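Thank you all for coming. Today I would like to walk you through the ligand in this model and the spaces inside the protein, and I will take it slowly.

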Amino acid sequence: MQGRGVFSSRLGFVLTAAGSAVGLGNIWKFPYVAGNEGGGAFLIIYLGLVFSLGLSVMLAEFAVGRAAGRNPVGAYKHLKGGLWPLVGFMGIAAGFIILSFYSVVGGWTLTYVMEAIAGGLPSDRESLGATFGATISDPVRPVLMHGLFMGITVFIVYSGVEGGIEKANKVLMPMLFVLLIVLVGRSVTLDGAADGIRFFLQPDFSKVTPSMISAALGQAFFSLSLGLGAMITYGSYLDKKADLPKAAIMVTGLDTMVALLAGFLILPAVFAFGLDPSAGPGLTFITLPAIFSSMPWGGLFAVLFFLLLTIAALTSSVSLLEVVVSYMIDERGHGRRKATVKAAIAIFLLGIPSSLSFGVWSDVTIAGKTIFDLFDYMTSNIMLPLGGIAVSLFVGWSIKPAAIDEIHHGRDKKFRLTPVWIMILRFVAPVTIAWILVSGL
Ligand code: TRP
C-alpha cells in the first residue's frame, strides 16, 4: 500500500465518502425521478431499498476496498482472481460513462453560477423554462462548460486524495447542508406548497410498476455511489482503525437526508409555481430560480446555492474519475498526472454527444431514448445493479471470512448484524436486484 494516499482522519473519510454520494444525484436527479415516478410511493420504495440493499452493498464495497487496498479491478484480482476482475472492469467502464454525462450536468450548474453572479437568472415564471431550454440546447457553450467542469475535476484529482479531495469536503459539505435547510424553509412556506408536500409524501400505490421499482433501485445505487467500485476505491485509502459499519450507516444516512431535503425543496415549489413535476432533467434548474426570486436576498442565495451545488457535484465527479485513475495507476503503471489527464480527455469527448442530445442531436434516439437518457439508463438501471449483484455474491460467498474479519477491524465490539448482513448479501440482494433488473427491462 505504500505510495498510495491515506485519509488523514476518520471523519475526513466519512465526509469524503459522503461527498462522493451527495451530489447531483440527490439535488438534481432525485427530485425529477421522484416527480416522474409519481411521488410518495416511489419515496417509500426508494427508502426501503436504500436501507436494506444499499447499506449492505456499501459495507460490502468498503470491506473489499480496505481488505485489498486496491482499485476495483486489482481488488477482485488480489482477493480471489478468476473471472472476478471482470466485475471491476465493468465498474471502471460504468464510471467512465457516468462521468461523461454527469460532467455535462456539472457544466449546467457552472453556467448557472455565472448567470447568478451576473444577475441573469430569470425571475418571471414564463421565462424559467425557456432560459433553461436555451442554456442546454446551445451547441457550443454547454460543451465548453462540460470541459471546464472536467478541467476542475482533473485539478482536484491531480492533487491526490488527501491533498485536494479530503480538504474541500470537510468545510463545504456542512455548508451545503445548512443552506439546503434554509431554502427548504422558504419552499414549504410558499402558497400552494402543501400540494407538493402531499405529492411527495402521500403514496399512491397504483403508481407502483416494475419500471418504477427499477428506477428506484437505479436511483438508490446512483445516489449512494454504489455498483461500480467507487466505494471500493475510497475504502482502499482507509486505515485499519476505522469502523466500517458505522461509516456505511453515516454515509447512507447523510446521503438520504440530502435527497429528502432536495425533495422538500423542489417539489413544494413545483406545485406552488404551477410547474409540472414530471418535467424531467430540467426540474431543479427551472424551479430553483423561481424560489430565489420569491425570497429576500434571492440573488445572493442563488449564487451561494449554485456554487455549493457545483462543489457537491465536483466531490462526486472526483470520486468517479478517481476510480478510473486508480485503475490506470495500479494496474497499468501510469503516473497519477498522466492517468488523470488521459482519462479526462477521453471522458470529455464521450460527454459531447450527451450534451448535444439536448439540442442539435435531440432527434437522435436509440430505443426511444436520447443519447443522454440512454447512457443514464444503461449505467443506473443495468450496470450499477449488475455490479451490486456481483459485489454481494463476492462478499457473501467468495471471501466471506476475510470480509467479516475486515469489518471487525477498528471496532471494539463485534458487529452484531453480521449474520443479517451476510444473509442479505448471499440471497436477498442478488435475488431482489436480479428480479428488479429483469422485470424493469
Ligand atoms: N452519487 C453521486 C451523486 O449522487 C454520483 C456518483 C459519484 C456515483 N460516484 C458514483 C454514482 C459512483 C454511481 C457510482 O451525484
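The ligand sits in the largest cavity, and please keep in mind as I go on that what you see is a predicted model. That cavity has a volume of about 150 Å³, and its lining is made of 18 residues, with Ser20, Ile98, Phe222, Ser225 and Leu320 lying nearest its centre. The elements that give two or more residues to this lining are α1, α2, α5, α10 and α14, and by class the lining divides into 11 nonpolar and seven polar residues, with no charged ones.

Let me turn to the ligand itself. Around the ligand there are 18 residues, and those that come nearest are Ala21, Gly25, Tyr102, Phe222 and Ser225.

Which atoms lie close to an oxygen atom of the ligand at 2.8 Å and at 3.1 Å? At 2.8 Å we find a backbone N or O atom of Gly25, while at 3.1 Å there is a backbone N or O atom of Leu24. In the case of Asn26, an N or O atom of the side chain is 3.3 Å from an oxygen atom of the ligand. The protein covers 100% of the 370 Å² of accessible area that the ligand has on its own.

Finally, a word on the other spaces: the count comes to three cavities of 30 Å³ or more, and the second largest holds about 60 Å³ of space. Its lining includes Glu61, Tyr76 and Val391, and α5 gives the most to this lining, with three residues.

Definitions and conventions:
Residues are numbered from 1 along each chain as its sequence is written. This is a predicted model: local features need pLDDT of at least 70, side-chain atom pairs count only at pLDDT 80 or more; totals for chains, interfaces and linings use all residues. Side-chain values use heavy atoms; hydrogens and water are left out. A residue is near a molecule or strand if one of its heavy atoms lies within 4 Å of it. A polar contact is a pair of N or O atoms within 3.5 Å; within protein, one must be able to donate a hydrogen and the other to accept it, and residues adjacent in sequence count only if both atoms are side-chain atoms. Accessible areas come from the Shrake-Rupley method with a 1.4 Å probe; for residues, only the protein chains shown count as cover. On a 1 Å grid over the protein atoms alone, a cavity is a set of points where a 1.4 Å probe fits but cannot get out, and a pocket is an open set with protein on both sides within 12 Å along at least five of seven lines; lining residues have an atom within 4 Å of a point. A molecule sits in a cavity or pocket if more than half of its atoms lie within 2 Å of its grid points. Grid points are joined across faces, edges and corners, and a volume is the space filled by probe spheres set on the points. Helices (H or I, at least four residues) and strands (E, at least two) are DSSP runs, numbered from the N terminus. Ala, Val, Leu, Ile, Met, Phe, Trp, Tyr, Cys and Pro count as nonpolar, Asp, Glu, Lys and Arg as charged, and the others, Gly among them, as polar.
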